[in-house]
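This briefing is meant for someone opening the structure for the first time. It moves from strand pairing to the core, then to the ligand and to two single residues.

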Amino acid sequence: MKKLCLSIALIVLTTFVFAQREYHEQYRPQVHFSPPAHWMNDPNGMVYYNGVYHLFYQHYPNAAVWGPMHWGHATSTDMIHWSNKLIALYPDSLGDIFSGSAVVDELNTSGFGKNGKPPLVAIFTNAKRVDAKEGTYYDQNQSLAYSNDGGKTWEKYEHNPVLKNPNIKDFRDPKVSWYAAGNKWVMTLAVKDHIEFYSSPNLKDWTKESEFGQDLGAHGGVWECPDLFQMTADDGKKIWVLIVNINPGGPQGGSATQYFTGNFDGKTFTPNYTDTRWLDAGSDEYAGVTWGNTGPRRIFLGWMSNWAYATSVPTQAWRSAMTIPRDLKFVKEGSAYYVASEPVKELSTIKGLPKTLDLVKGNTDLSKLIKRTDGQYELNISTKKLRSFAITLSSDNGEKLEVGFDLSENAWYIDRTKAGESGFSKDFAKRISIPRIAQNSASDITLIIDAASIELFADKGLTTMTSIFFPQKPLDQISISSNDEFVADKITYTPLKSIWP
Ligand code: FRU
């Protein structure tokens, strides 16, 4: 009996120690989703069903580098706290499981449903490695899997693939949604340097409708991971948004998420402007798409990395995290509607007591507001008159990260040149900036700072920038500086509790 008690105590203790260690390593995000172990890239199959947000993700469960892709799985009721689930999709005879989406098939158009309950259907790219004389490539075809137990277990469709490759190397990442006006499913597919739209009555038989974008937007790399949805602006105007991820060719080099606005009539997408727009203009948001089945709400999530160095960032137990989930909305500047992002309101579930300072001039040591930052937090700054300023996060070993606004460039920027480890890639240590979109003189800024990342939502998210960094010691000192007449009407510091036990 004594022995048994001892063994149980030992098991409980080891489990506790393990649980404590997992998710508390150096650089491990505390308020962002990251996989329990090994490699993760794109968010996949994001769908909201029966009060649960499903997040699947590109996952290689055997190492912390990209390899034969699986769909990892986690669920949440608030998009902030996550529960890790079993791997949902494994590679099969048709190939590895690349990115894709998932839908609730309410009308059971696919016939996969049982007992009058709608099935969840995943639509993904089966990518089969081919080693040819010209080098390795992946034969990419679109396939289905379905679940009749709310996403716990998945069955592959026996007649996969449902959309065959017409002999194009890059033919992937299907995003499927219900187009109610046409009573049909629409698939938005990334095809090398353009988007192709397909439609289907049953998710199994697909007809090509149109192509978009060969001569529009950014084209410095391959188009990947698209998304298509409609949103309503505050003035009631309904506008379609087409998200197209691109790698390389982003504004800071490497990967990034661009978007178009316009009209979609069930067949064709017609854009209403020609300049290139970025949903996140930082260096480290990629493959971002939105959750399906969330009603009028549009919630975006991206992978917080960049293919330029994703496989060599200095974490070993796991590699990479997702951004904070973001609500998308239209903001009108001049006569154009832009897509702005803001952290989801569910973030309040982990907010501690805020501390506020009023009327803060540039060149203030913010230790009055907070002596030492302790872990992860949100910082809100509002000003009536935007001038040059910088927020500096630093540690006493001289490392620092700077984020701010430069009036002479009229640009928001993040400077991580001295923010810690960067030797793993020549592309990492840099100052990035992007011109301001907003034209008014007032500005509201939100920063979300975690162990190894910063997200800037400037002008209420009209400009959003995400950046990762790897300081040797936590950057736990914070100050504001300005060579201009910057005055913050208010600065609020809100600690965020870890989402992991
Ligand atoms: C984007 C991407 C997708 C592809 C997946 C493979 O990051 O390249 O186009 O489906 O990653 O892991």
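In this predicted model, strand β28, which covers residues 411-415, is joined to β29 by five bridges, and the two strands run antiparallel. Within that pairing, A411 of β28 has P435 as its bridge partner in β29. Both strands belong to an open sheet of six strands, whose order is β24-β33-β26-β27-β28-β29 and whose pairing is antiparallel.

**The six-stranded sheet**

- The edges of this open sheet are formed by β24, at residues 364-365, and by β29, at residues 431-435, each of which pairs on one side only.
- Reading across the sheet from β24, one passes β33, β26, β27 and β28 before arriving at β29.

**Strand β14 and its partners**

- Strand β13, made up of residues 222-232, pairs with β14 in the antiparallel sense over ten bridges, and one of the matched positions sets L228 against L242 in β14.
- The two strands β13 and β14 form a hairpin with five residues between them, and in its turn G236 has a positive phi of about 90°.
- β14 also pairs with strand β15, residues 256-264, again in the antiparallel sense and over seven bridges; here the bridge partner of I246 is A256 in β15.
- Most of β14 is covered, since nine of its ten residues are buried.

**Nonpolar cores**

- The largest nonpolar core has 71 residues, and within it F389 and I391 are the residues with the most contacts.
- Strand β14, residues 238-247, gives the most to this core, contributing seven residues.
- Two domains supply this core, for at least three of its residues come from domain 1 (41-343) and at least three from domain 2 (351-495).
- Another core, of 37 residues, lies apart from the largest one and includes M79, W303, L347 and W500.
- When neighbours within four places in sequence are left aside, I391 is in contact with L366, L379, I381, L401, E402, V403, L447, I478, S479 and I480.

**Strands β19, β21 and β22**

- Strand β19, at residues 299-303, is joined by two bridges to strand β21, at residues 326-333, and the two run antiparallel; in this pairing F300 stands opposite R326 in β21.
- On to strand β22, residues 336-343, β21 is joined by eight bridges, once more in an antiparallel arrangement, with V331 standing opposite Y338 in β22.
- A hairpin is formed by β21 and β22 with two residues between them, and G334 in its turn has a positive phi of about 65°.

**Surroundings of the ligand**

- The residues that surround the ligand are N41, D42, Q58, W66, M69, F98, S99, R172, D173, E224, Y286 and W307.
- In the side chain of W66, an N or O atom is 2.9 Å from an oxygen atom of the ligand, while for D173 a polar side-chain atom lies 2.6 Å from a ligand oxygen atom.
- S99 approaches the ligand through its backbone, where a polar atom is 3.1 Å from an oxygen atom of the ligand.

**Two buried residues**

- Is S200 buried or exposed? Its relative accessible area is 1%, and because buried means under 20%, S200 counts as buried.
- S200 is placed in strand β11, which spans residues 194-200, and a polar atom of its side chain lies 2.8 Å from the backbone nitrogen of L203.
- Not counting residues up to four places away in sequence, S200 touches K184, W185, D205 and W206.
- G282 is found in the loop between β17 (277-280) and β18 (286-290), and at 2% relative accessibility this residue also counts as buried.
- Although G282 and T466 are 184 residues apart along the chain, their C-alpha atoms are separated by 4.6 Å.
- The contacts of G282, leaving aside neighbours within four places in sequence, are Q252, I432, T464, M465 and T466.

Definitions and conventions
Residues are numbered from 1 along each chain as its sequence is written. This is a predicted model: local features need pLDDT of at least 70, side-chain atom pairs count only at pLDDT 80 or more; totals for chains, interfaces and linings use all residues. Side-chain values use heavy atoms; hydrogens and water are left out. A nonpolar core is a set of buried Ala, Val, Leu, Ile, Met, Phe, Trp, Tyr and Cys residues joined through side-chain atoms within 4.5 Å. Buried means under 20% relative accessible area, exposed over 50%, partly exposed in between (1.4 Å probe, protein chains only). Helices (H or I, at least four residues) and strands (E, at least two) are DSSP runs, numbered from the N terminus. Domain bounds come from an automatic or database domain assignment. Contact means heavy atoms within 4.5 Å. Two strands pair if DSSP finds at least two bridges between them. A residue is near a molecule or strand if one of its heavy atoms lies within 4 Å of it. A polar contact is a pair of N or O atoms within 3.5 Å; within protein, one must be able to donate a hydrogen and the other to accept it, and residues adjacent in sequence count only if both atoms are side-chain atoms.
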